[in-house]
Amino acid sequence: MTHLNGDVAERAAAGFTDKYGGRATGRWAAPGRVNLIGEHTDYNDGFVLPFALPLRTVVAADRQDGDNWTVWSELSGETITFGADDVAEPGRVTGWGAYVAGVVWALREAGHQVPGARLAIASDVPLGSGLSSSAALESAVLAALLDLGGLELPAERRPRLAQRAENVYVGAPTGIMDQSAVIRCRAGHALFLDCRDESVEHIPFDLDAAGLAVLVIDSRAPHRHADGEYAARRQSCEAAAEALGVPALRDVAVDQLDAALTRLDDEVTRRRVRHVVTEDQRVLDTVALLRAGRVRDIGPLLTASHVSMRDDFEITVPEVDTAVEAALAAGALGARMTGGGFGGCVLALVKADQAEAVATAVKTAYAKQGFTTPGTLTVLPAPGATRLN
Ligand code: ADP
Ligand code: MG
């Protein structure tokens, strides 16, 4: 995982002083996230259960006159600027600056008087690993601009706005999970999100008290054809819902699954539907176990989710399958790929004192296969976006 030297909040503040002189008015942090369970359920109006990571993106910022925005990011080392014309319409700022300009655009479009600002960004969230560095960036920038401008936008309305920045301004078609998790998660909890009505519930997920941890493994697998495959899965789910006469696959209850499958004549589609319907149920079962304080017992549901993604939804790759198998063989209570698939991260539920051994076992299995050494990180559920002192 990305580990630059020094605390991320200090790096953002120091970057601000270095680039612009003086001290920032404030610092705003937003975490990366990982989805505990519920994959490819979001666009089927179903359930997801993400939690926030202790890896964060921090924005140090102050106001500047006029409709001018200046942004420096430690990761590219570049400073970019944009003005009112650039946020009049989506797409005028490209590259990483689009995520920042997109937030300004979405705020202005929603009728807010966005203050001009200078921003310095540092991050510990790895980019493009499926841990949502994009939502962390948008959400930290959003919090900074709202506070600097004295603007009011309740937490429950922030995810939509950040999502619009990404969907419309950047042009990346993502669901509401990332921004909801990054903005609304709480420490020691997972966020149970109903993707149909966007309602959320904070579910106790106190790994620490249970002597457990989650090991996050960055598979480092190249994202092969991920976009095309994602579109194909989505299309197949939508076609199946239509064939079954339901608004979305979320409306197929697990006890109606067998009957529903007999009404689909294509074997591949049947498997896709089976994944989504059983995955929604696994989220509900995970939530029920967590509510009952049975954290350890969710392990088999995580592993079943992986098997379903591997065999029915067919979105895993050898690297992630290897990581899951090695983690389980080394004593993990459950393990699964997390994220859209074809690479990204794997998470394993482990006894806290075994995290290191499981990480080593995964690296050894990788070396045997000749795969690029994976990144590993042991995490507990962290807080969502917040203003720092
Ligand atoms: P993920 O959200 O899984 O990390 P995405 O492809 O959605 O992957 O978003 C990654 C992109 O977000 C990067 O390519 C970059 O443009 C932008 N980004 C995220 N964090 C930063 C940052 N700290 N500085 C600059 N750009 C960033
Ligand atoms: Mg993203």
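A nonpolar core is a set of buried Ala, Val, Leu, Ile, Met, Phe, Trp, Tyr and Cys residues joined through side-chain atoms within 4.5 Å. Buried means under 20% relative accessible area, exposed over 50%, and partly exposed in between (1.4 Å probe, protein chains only).

The model is predicted: local features need pLDDT of at least 70, side-chain atom pairs count only at pLDDT 80 or more, and totals for chains, interfaces and linings use all residues. Residues are numbered from 1 along each chain as its sequence is written, and side-chain values use heavy atoms, with hydrogens and water left out.

**Exercise 1. Explore the largest nonpolar core.**

Step 1. Start with its membership: this core has 42 residues, and Leu215, Leu249 and Val273 are among those with the most contacts inside it.

Step 2. Find the elements involved. Helices (H or I, at least four residues) and strands (E, at least two) are DSSP runs, numbered from the N terminus. Those giving two or more residues to the core include strand 9 (212–218), helix 6 (226–244) and helix 11 (355–369). Helix 11 gives the most, with 6 residues.

Step 3. Look around Leu249. Leaving aside residues up to four places away in sequence, Leu249 touches Asn44, Cys237, Val273 and Val277, among others; contact means heavy atoms within 4.5 Å.

Step 4. Now look elsewhere: apart from this core lies another, of 39 residues, with Ala30 and Ile121 among them.

**Exercise 2. Decide whether Thr303 is buried or exposed.**

Step 1. Locate Thr303 in helix 9 (residues 299–311).

Step 2. Check its relative accessible area: at 18%, Thr303 is buried.

Step 3. List its contacts. Not counting residues up to four places away in sequence, Thr303 touches Leu328, Leu333, Gly334 and Ala335.

**Exercise 3. Classify two of the aromatic pairs.**

Step 1. Rings of Phe, Tyr and Trp (its six-membered ring) pair if their centres lie within 6.5 Å; planes under 30 degrees apart count as stacked, over 60 as edge-to-face and the rest as tilted. A search of the whole structure finds 7 such pairs.

Step 2. Take Tyr43 and Tyr230: their ring centres are 5.6 Å apart and their planes at 75°, so this pair is edge-to-face. The two residues are 187 residues apart, with Tyr230 in helix 6. Tyr43 is buried at 11%, whereas Tyr230 is partly exposed at 23%.

Step 3. Turn to Phe47 and Phe192: with centres 5.6 Å apart and planes at 40°, the pair is tilted. Phe47 belongs to strand 2 and Phe192 to strand 7 (residues 189–194).

Conventions
Chains lettered and ligands numbered in written order.
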